[in-house]
Amino acid sequence: MQKRQPELRRSVTPWGSFSWGYSDVGADIFVGLGLVLGAAAGASNVAFLFAGIVYVCIGLAYTELAATYPVAGGGQYFVMRGLGDLFGFIAGWAVLLDFTIDITLFAWSCVDYLSQLIPGFLNTTHPWTHFVVCLMLIAGLATLNVIGVRESTAFNSFVSALDVISETLILTLGFLFAFRPELLIHAMHTAWPSPFGLMNGISLAIISFVGLESISQAAQETQRPASIVPRTSVGLILTILIFALSYSNLALGMQPWHPQYDAHGHAIAFWQIFTNNADNQGKAIALLSAQIPYYGLLATLYVPLLGAVLLLISSNSGVFGSSRIAYAMSTEQLLPSIFRRVHASFRTPAISIIAFSGVAVLELIFAAIPYLIPAANVLYAHLFRGEGGLDFLADLYAFGAATSYSFVFIALIFLRLHDPLSPRNFKIPFNIPLTVRGERVEFPIVAVIGFLGIGSILVFTLITHVIGRIAGPLWLVFGVLIYLWYRKQKRLPLFHSQPKDWKQQQVEILRNAGELELMDQYLSRVRDAEARQGRVWE
Amino acid sequence: MTAELHVTVAGFVIAMVIAAAVGATIWWMLHPPTSYVQMLAKEAETELERLVGSIIVVFSQEIASQHMMALAAKLARGEKSDLHAIYVVEVPFTLPPDAEMPAEERIALDALAAAEAIAMKNGVNLRTDTIHARQTSQAVLDIAKQEKANLIILGSYREGKYTGAPLSRTIESIAANAKCDVLIGVEGKHGTILVDEVSETGSVSP
């Protein structure tokens, strides 16, 4: 008799799958727009375009991989399967960094947006209140996720729908009533940034597109993932791209309803309110929507609240993502088995959720110290050029994303060459047909372009972000040490991969996903391939 | 002080493109192709709708159908079926066809009242009738034909009258001669149906 282990519930619908991704990526623009406008000025739309092209490549890569291998690990699993255990761990550990940052960054931003309505939450004037509210939000979300995915999916779905409608309305009415093309051209002509500013802007713009991992993470709980995930991923890619490009162009070419003035009383363009103004950068969408004629009256009331709620569910998807990837890594013996323990009643990986929410709390403390303890400013100024709060979190966010995405592109290329038999319900376009070891394969051009793009963003991040340059690599070194210690304890290979029957695993993945037609297709291909080589596979 | 509206052709076109693009993307995303398994499931649902359009639940002295009545009520609620419960009182050949049988009729009243309670609990309408007949099986077949029923639901053979056959002759006759589908609920050895093996034993067979 074999004891049955509790499994993750397959309860996420197409809209739920989209919502998990949207609640993560969709909220990024609420944080990223102001930061990019502050850094890249008149080239903000170009920064978003560059990051957006890379994001499309990332999105397509994730879509193909998540539809082919619908398991909870997401990027970590793809890299492990393509490049082996150690690289899989590094990619997963980088994604974990991003998810834990996700929890903190968006809880922080959520409180920033709320401070528009409740001045007592302002970080600069009430840092302890700000800190305590962030802490309570993180604890609350961790509890929600321990209770179960169905409950939190319903929560995400509702707010995501509301936000898609609201953002479409903001952009449509913004372009309709307040857009002047000549202002856009003027801003691009007169306020083009320095190369450093542009690099900084691009590296910040990529944080507006981080979060596709959430859809991959939810793949194991999504109904018919090989069919649904490609749709929801492509839908998410397009929606977010439309929003990001539209916002940046609208902000540069906007004629504000109320004239804007600088500290000396001189009239300035709308986008200039974000230059060297951290307060404004933190609530860009609320400020932009308030400047749309007439609609701004309504937007002033609800956009800060909606932004706060969306940022909160983005934080929630960080809780969801970190626990799921830890679950998957533990299953693959990359992390201790405690992280894959599923709660008997709630059927969720409760220990993972609590552990990585704890990491998020530590990051919150690190980000908040300069505000909570003024004396710490000297240390931060010395070590991190005075970066704290959102800067600290955004730096690490960009580093983690660029690192893990770089590995994912390499894994995609490797899997195309070494696992051509797995059915790909969605395949990235523009491929070069090749023959490798007697099998016809397709080499993905888009993955190479994407790798070069994300590689350049990683370089921009290391050049322009002090904390990303120091704390990011330190996080990876710390993780590799844990990995080596754990593998040594378990007498597993340290630098090599454990032998795995990938073919059998693929059959089980497809069967568990309910993709029976694809399973039959895979079995047939494998048997044909084995027959060509004179072997029999059972 | 507020600025005037700035409606430009470019702004108008971009606004329309944004609204159309977002709407089209979401619509496309929410309409994925159906899989083979989903098509099978849809066909089964369509078949079920046809199957349970009109349901007759049969009670008699030798057929206990309370548990099947509960199932029928749930089916009827989901599929908005026409639900009819009948109690057949068998009149022996030794009595005239219109003979009064107060004891039997009293049992019939109880059975049909219980059926109505089940139906009410499930929020469905139920017609009830007590029918006198020489043979239960023929009466059921006649009613089913007359009402163009899609499904006849029967309970199991009443305990204490088991004669060695798995179903009584009455039930077998209905199942063999009905022109519509027949659903017979036969209780298991211990009188419990649909036992969850996993939850009962905490494990599954290898």
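This passage covers model confidence, the domain layout and one helix pair in chain A.

The structure is a predicted model, so a look at confidence comes first. Chain A has a mean pLDDT of 85, with 94% of its residues at 70 or more. Among the secondary-structure elements named here, helix α8 (residues 181–190) of chain A marks the high end of confidence at 93, while helix α10 (residues 213–218) of chain A marks the low end, at a mean of 70. Residues 1–6 of chain A stay under 50 in pLDDT, and the model gives that stretch 10 contacts beyond four places in sequence. Where pLDDT is low, predicted coordinates shouldn't be read in detail.

As for layout, chain A splits into domain 1 (30–500) and domain 2 (502–538). The C-alpha centres of these two domains of chain A sit 35 Å apart. Contact between them involves 14 residues of domain 1 and 14 residues of domain 2. On the domain 1 side, the touching residues come out as seven nonpolar, three polar and four charged.

Turning to the helix pair, α4 (residues 75–83) and α5 (residues 85–114) of chain A pack at an angle of about 165°, with axes 7 Å apart. Angles over 145 degrees count as roughly antiparallel, and α4(A) and α5(A) therefore run roughly antiparallel to each other. Their crossing is right-handed. From α4(A), the contact draws on A:Gly75, A:Gln76, A:Val79, A:Met80 and A:Leu83; facing them in α5(A) are A:Asp85, A:Phe87, A:Gly88, A:Ala91, A:Gly92 and A:Val95. Sorted by class, this α4(A)–α5(A) contact has six nonpolar, four polar and one charged residues.

Definitions and conventions
Residues numbered from 1 in each chain as written. Chains lettered and ligands numbered in written order. Predicted model: local features only at pLDDT ≥ 70, side-chain atom pairs only at ≥ 80, totals over all residues. Axes fitted to C-alpha atoms, helices over the stretch in contact; angles between N-to-C directions. Helix = DSSP H or I, 4+ residues; strand = E, 2+ residues; numbered from the N terminus. Parallel < 35°, antiparallel > 145°, perpendicular 65-115°, else oblique. Left-handed = near helix turned anticlockwise from the far one by under 90°. Contact = placed C-beta atoms within 7 Å. Nonpolar A, V, L, I, M, F, W, Y, C, P; charged D, E, K, R; others polar. Domains from an automatic or database assignment. pLDDT = per-residue confidence, 0-100.
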